[in-house]
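Trainee: I am new to this structure and would like a close look at one part of it, with the reasoning spelled out step by step. Please start with how the helices pack, and then follow the chain outward from there.

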Amino acid sequence: MNKEMISLKQAVCIIALFVFGSSAIVGVSGEAKQDGWLALLIAIAFAVPVIFIYGRLLVLFKDMDIFDMFITTFGKFFGKAISILYILYAIHLGSLVTRNFSEFIQVSTLDHTPQFFTIAFIGLLCILAVKSGIEVLGRWSLIGIVIVILIVVITSLMSMSIIRFEHILPIASQGFSKILGVSYGTLTFPFAESVLFLGVLSTLKPKASPYKAYYFGVGLGGLLLFIVVLRNTFVLGGELLGNIYFPSYISTSIIILGNFLSRFEELIGANLLIAGFVKISICLYVACVGIYKVFNLKNYRSIVVPTALFMLTLACIIYKSTMEMFNWLKIYSIYAAPFEFIFPILLLVVAEIKEKIKKNKEEKENELPEEELT
Amino acid sequence: MENIIFCSIIYFFFVIFDLKPLAKNKDFKAFWFYTVLLILTYAVHILIGIGVDIPSPAEPIAKGIGALFNVRS
């Protein structure tokens, strides 16, 4: 079987959609109220060194995914143990995102439809995408990102009539410790979640730089989120922003143009369909590749369906209410830290030390024959 | 009840069109992995369908982290 390859453009689009994914619907840095945009900017700044670590790992371990990296660095036993943790993390994250969307659909439109059906249909779509391979997902992302950008631009322009710029004032009134806390939460969800791309970017074309893919992807996703957060703040104001679920939906639902053009909130549902679908598919893809590597299976495609079923079943039972879902975000910032920061940093440190020892050995070996000659 | 019927139809199609070929190709590792997860998830869906309250795995995680870091969910 030929190895799947994605181009730099496709990788950038997938990462941007992944970052934008559920965060656009659930809302980021809402706790910081009118300073949410500031918290988001700080989170993007924090994300720069974090994604440098991810990029460096991809450069050090060429053509390897995150599971190969752990197994070659920490040995079979510890490597596979950490890999299993990452598989569970990918499955858990996928189920959380699926549940975000089913909750959103139930709250916004299909209030009498059991969430099981929404989850099942999203799941079937993701199974089809992952079974088709990462190349198909890459090509889809190229189209998807254009639609998402158009939706963000259109909804932002449409809301110009109801924007009140004074909603952003007073700046930094929440205090810097609070803003920093919120920006850490925004870093863990969604920016550092891109750690899962360590399992995807091994399929990047050889000439393409993983640094570029990461920086442009997270940058584009961050920029779109920034526009959305600014729009929500200008339209709703800090107090309201801090007290509602699904702020993007609310802020676009109050747009009425010329007394006859309304219901723009359905565009937010389209965002969900495009970006969220990519995010769930990436989680599923990484989980399947991990299972295929850890258990030495023949092909990752053969286990897409059971892994997806497990993910979707988890999504059905993970929360009991929308409130519980939003409360979980506080726990999530701590729960995700080992996967997003501690393990990658540990891996990078060990890999750099190994690389240095290897270089020193090679230099010594090169020096010896020269000395013998003289 | 509609959950159980819908779920059974989907699972039936997966068994026929996805699981059966694995056995035919003698990919037994994947076959057993598939079968175990299929039975497990189907059982959970049946339980949900008949109204059993299944505890969420997020609860012990939240409790553990809450106790360790003094965070309230």
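Mentor: To describe how two helices pack, we need their axes, which are lines fitted to C-alpha atoms over the stretch in contact, and the angle between them runs from 0 to 180 degrees between their N-to-C directions. Please also keep in mind throughout that this is a predicted model.

With that in hand, let us take helix H8 of chain A, residues 210–236, as the part to look at closely. H3(A) packs with H8(A) at an angle of about 165°, and the two axes are 9 Å apart. Because angles over 145 degrees count as roughly antiparallel, this makes H3(A) roughly antiparallel to H8(A). The crossing of H3(A) with H8(A) is right-handed.

Another partner of H8(A) is helix H6 of chain A, residues 134–158, whose axis comes within 10 Å of that of H8 and crosses it at roughly 20°. Here H6(A) is therefore roughly parallel to H8(A), since angles under 35 degrees fall in that class. The crossing of H6(A) and H8(A) is left-handed.

From these helices we can move into the loops beside them. Ahead of helix H3 (36–60) comes a loop that begins after helix H2 (23–26) of chain A, and A:Gly30 has its place there. A:Gly30 is partly exposed, because its relative accessible area is 22%. Although A:Gly30 and A:Leu240 are 210 residues apart along the chain, their C-alpha atoms are separated by 9.4 Å.

The loop between H6 and helix H7 (176–188) of chain A contains A:Pro170, and the peptide bond leading from A:Leu169 to A:Pro170 is cis, with omega near -5°. A:Ala172 belongs to the loop between H6 and H7 as well, and A:Ala172 has a positive phi of about 60° although it is not a glycine. With a relative accessibility of 24%, A:Ala172 counts as partly exposed. Farther along, the loop between H7 and H8 of chain A holds A:Pro190, which is joined to A:Phe189 by a cis peptide bond with omega of about 25°.

The next thing to consider is how charged side chains pair up around this part, and over all chains a search of the whole structure finds 10 salt bridges. One of these pairs is A:Asp68 with A:Lys293, whose side chains meet at 3.2 Å, N to O. A:Asp68 lies in helix H4 (residues 66–108) and A:Lys293 in helix H11 (residues 265–294) of chain A, so this pair ties together parts that are 225 residues apart in sequence. A:Asp65 belongs to the picture too, being linked with A:Asp68 and A:Lys293 in a network of salt bridges.

Helix H4 of chain A also holds A:Glu103 and A:Arg99, which stand four residues apart, about one turn of the helix, and which form a salt bridge with their closest N and O atoms 3.0 Å apart. A:Glu103 is buried, because its relative accessible area is 3%, and A:Arg99, at 6%, is buried as well. A pair to set beside them is A:Glu166 and A:Arg164, whose closest N and O atoms are 3.1 Å apart in a salt bridge. In this pair A:Glu166 is partly exposed at 45% relative accessible area, and A:Arg164 is partly exposed at 46%.

After H11 of chain A, the loop that leads to helix H12 (304–317) is where A:Asn296 has its place. A:Asn296 has a positive phi of about 50° although it is not a glycine, and with a relative accessible area of 49% A:Asn296 is partly exposed.

To finish, a glance at chain B gives something to compare. B:Phe17 is found in helix H1 of chain B, residues 2–24, and B:Phe17 is exposed, with a relative accessible area of 59%. A nonpolar surface patch with about 810 Å² of accessible area together includes B:Phe17, with B:Met1, B:Ile5 and B:Phe13 among its other members. B:Asp18 has its place in helix H1 of chain B too, but B:Asp18 is buried, with a relative accessible area of 15%. The C-alpha atoms of B:Asp18 and B:Phe31 are 9.8 Å apart in space, while 13 residues separate the two in sequence.

How values were computed: Residues are numbered from 1 along each chain as its sequence is written. Chains are lettered from A and ligands numbered from 1 in the order in which they are written. This is a predicted model: local features need pLDDT of at least 70, side-chain atom pairs count only at pLDDT 80 or more; totals for chains, interfaces and linings use all residues. Side-chain values use heavy atoms; hydrogens and water are left out. Patches are made of residues with over 30% relative accessible area and no salt bridge: like charges are joined within 9 Å, nonpolar side chains (Val, Leu, Ile, Met, Phe, Trp, Tyr) within 5 Å. Accessible areas come from the Shrake-Rupley method with a 1.4 Å probe; for residues, only the protein chains shown count as cover. A salt bridge is a side-chain nitrogen of Lys or Arg within 4 Å of a carboxyl oxygen of Asp or Glu. Helices (H or I, at least four residues) and strands (E, at least two) are DSSP runs, numbered from the N terminus. Buried means under 20% relative accessible area, exposed over 50%, partly exposed in between (1.4 Å probe, protein chains only). Angles under 35 degrees count as roughly parallel, over 145 as roughly antiparallel, 65 to 115 as roughly perpendicular and the rest as oblique. A crossing is left-handed if the near helix is turned anticlockwise from the far one by less than a right angle, and right-handed if clockwise.
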